[in-house]
Amino acid sequence: MKKIADRASEIFPLKQAPLVHCITNDVSIETVANTLLYINAQPIMTNDVREFSELFKHTSSLLLNLGSLSKEKESALLMAAKKAKAKKKPFVLDIVGVTSAPIAFYLSQQLEKYKPNILKGNVSELRAFCGLKVSGRGVDSSEFDQTEEGMEELVKALKQQDSSITYLATGKKDLIVSKDETWVMENGVEKLQQFTGSGDLLGALIAALLGEGFDNLSAAIFALSYLNICGEHANKKLTSSNGLADFRHETLNQLSLLSVTNDNWFNQVKGRKQ
Ligand SMILES: Nc1ncnc2c1ncn2[C@@H]1O[C@H](COP(=O)(O)OP(=O)(O)O)[C@@H](O)[C@H]1O
Ligand SMILES: Cc1ncsc1CCOP(=O)(O)O
Ligand SMILES: [Mg+2]
């Protein structure tokens, strides 16, 4: 952790302004694009497969998000994943909604075969992905899926998935499972669950770090910790007259501020390797 912490102060804002191609959902698309700009990455939100050949010559990484699916988006997601594998372009797969959307679930299984660097979702989505019993519905996770036994069961199931992929399950505690290492991370505040797109923008942060050249595990740990510590700082700034929209606004503000005002932000990370 000490070695990682030494590098953390220099990560944000990103030095190389990676261009991140995002195929994401209609709900949080603007938040995702702005998130990338706030950390000095560049977003391009393109679903049109006719543009992919040219676009892939210029992009640093790719984000695929299964929220608000359509037939057209399904084809774009499959085509982008296929191209990413062929061109060795790093990509994140965010399996939004697989808990209760059978088409998204089937698509997540197909897309996994193209070997995303990171496959992420909330704890309920990752449980559904692994075929475990779930209480979560829609796109949100359930606290009943996050008991100690439930989390242990999920770690075991993730360890049996594809060992070339790093899996991230988010919630009160976050699990990162890669071939050789399992991490349990504990930053963040509950309010992060109460604005739509917090998971989606995390996917974009990870994709940006992959585009900047970070390895899978470092990209997951740095992006997750940065977002969650931004949320903690935002929460501290709120008074009783602030609502959840202010929390959202301040968390997004912190994406461009935290690294500048707290160059030792990584010392605030709570997490451990199992
Ligand atoms: N109860 C919680 N306490 C602290 N942090 C949380 C909590 N729930 C979610 N988070 C954090 O919020 C971010 C989004 O996670 P989550 O809400 O699980 O994703 P999604 O929006 O995809 O459902 C993650 O960084 C996660 O660690
Ligand atoms: C509400 C909603 N419906 C389809 S996609 C979406 C946004 C999901 O965002 P997140 O996964 O970050 O909660
Ligand atoms: Mg999500």
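**A walk through two ligand shells and the fold around them**

Let's start at ligand 2, where the shell is made up of 3 nonpolar, 8 polar and 1 charged residues. Keep in mind that what you're looking at is a predicted model. Who are the residues in that shell? Asn 25, Val 27, Ser 28, Gly 67, Ser 68, Val 96 and Val 139 are there, together with a run from further along the chain: Thr 196, Gly 197, Ser 198, Gly 199 and Asp 200.

Now slide over to ligand 1. This one has 18 residues around it, and the closest of them are Asn 122, Thr 170, Gly 188, Leu 192 and Gly 199. Two elements, α8 (198-211) and α9 (216-237), give two or more residues each to this shell. By class, the shell around ligand 1 splits into 5 nonpolar, 9 polar and 4 charged residues. You've met Gly 199 already: it's among the closest residues to ligand 1, and it also belongs to the surroundings of ligand 2.

Time to step back and take in the whole thing. The protein has 10 helices and 9 strands. Its C-alpha atoms fill a box of roughly 45 × 40 × 40 Å, taken along the principal axes. How does the radius of gyration fit with a compact globule? A compact globule of 274 residues would come out near 19 Å, and the protein has 17 Å, so the two agree. Buried residues account for 47% of the 274. The chain also does plenty of reaching across itself: take the contacts between residues at least 6 apart in sequence, and 72% of them join residues at least 24 apart.

Next, a couple of spots picked out by a database. In an unreviewed UniProt entry, the annotation "binding site" covers Met 45 and Gly 197. Is Gly 197 buried or exposed? It has 23 other C-beta atoms within 10 Å, and because 20 or more is enough to count as buried, Gly 197 is buried. You'll find Gly 197 in the loop between β8 (182-185) and α8, and it's one of the residues around ligand 2. Leaving out neighbours within four places in sequence, Gly 197 is in contact with Val 27, Ser 28, Thr 31 and Val 32. Val 27 and Ser 28 are themselves on the list of residues around ligand 2.

Met 45, the other annotated residue, sits in strand β2 (residues 42-45). Met 45 counts as partly exposed because it has 15 C-beta neighbours inside 10 Å. Its contacts, again skipping neighbours within four places in sequence, are Cys 22, Thr 24, Ile 29 and Ala 33.

Follow one of those contacts, Ile 29, and you land in helix α2. With 19 C-beta neighbours inside 10 Å, Ile 29 is partly exposed too; the buried label would need 20 or more. Apart from residues up to four places away in sequence, Ile 29 touches Thr 24 and Met 45. If you'd like a ruler for the model, the C-alpha atoms of Ile 29 and Glu 125 are 20 Å apart, with those positions 96 residues apart along the chain.

Helix α2 (29-38) comes up again when you look at α10, whose buried residues pack against α2 and α9. Those buried residues are Phe 247, Arg 248, Thr 251, Leu 252, Gln 254, Leu 255, Leu 258 and Ser 259. Why might positions like these recur every three or four places? An α-helix has 3.6 residues a turn, so residues three or four places apart point the same way. Where does α10 (residues 244-261) bend? At Leu 255, by about 50°, and Leu 255 is one of the buried residues too.

Finally, some backbone oddities. Most residues other than glycine have a negative phi, and most peptide bonds are trans. Phe 12 and Pro 13 are joined by a cis peptide bond, with omega about -10°, and Pro 13 is in the loop between α1 (2-8) and β1 (19-23). The loop between α1 and β1 also holds Ala 17, which isn't a glycine yet has a positive phi of about 40°. Ala 17 is partly exposed because it has 17 C-beta neighbours inside 10 Å. Lys 88 has a positive phi as well, near 55°, in the loop between α4 (71-87) and β4 (91-94). Lys 88 has 7 other C-beta atoms within 10 Å, so it counts as exposed.

Note on methods
Residues numbered from 1 in each chain as written. Chains lettered and ligands numbered in written order. Predicted model: local features only at pLDDT ≥ 70, side-chain atom pairs only at ≥ 80, totals over all residues. Near = placed C-beta within 6 Å. Helix = DSSP H or I, 4+ residues; strand = E, 2+ residues; numbered from the N terminus. Nonpolar A, V, L, I, M, F, W, Y, C, P; charged D, E, K, R; others polar. Bend = angle between axes of the 7 residues up to and from the residue. Buried ≥ 20, exposed ≤ 12 C-beta atoms within 10 Å, placed from the backbone. Contact = placed C-beta atoms within 7 Å. UniProt positions renumbered as here; feature names shortened; annotations may be inferred. Rg over C-alpha atoms; globule rule 2.2 N^0.38 Å.
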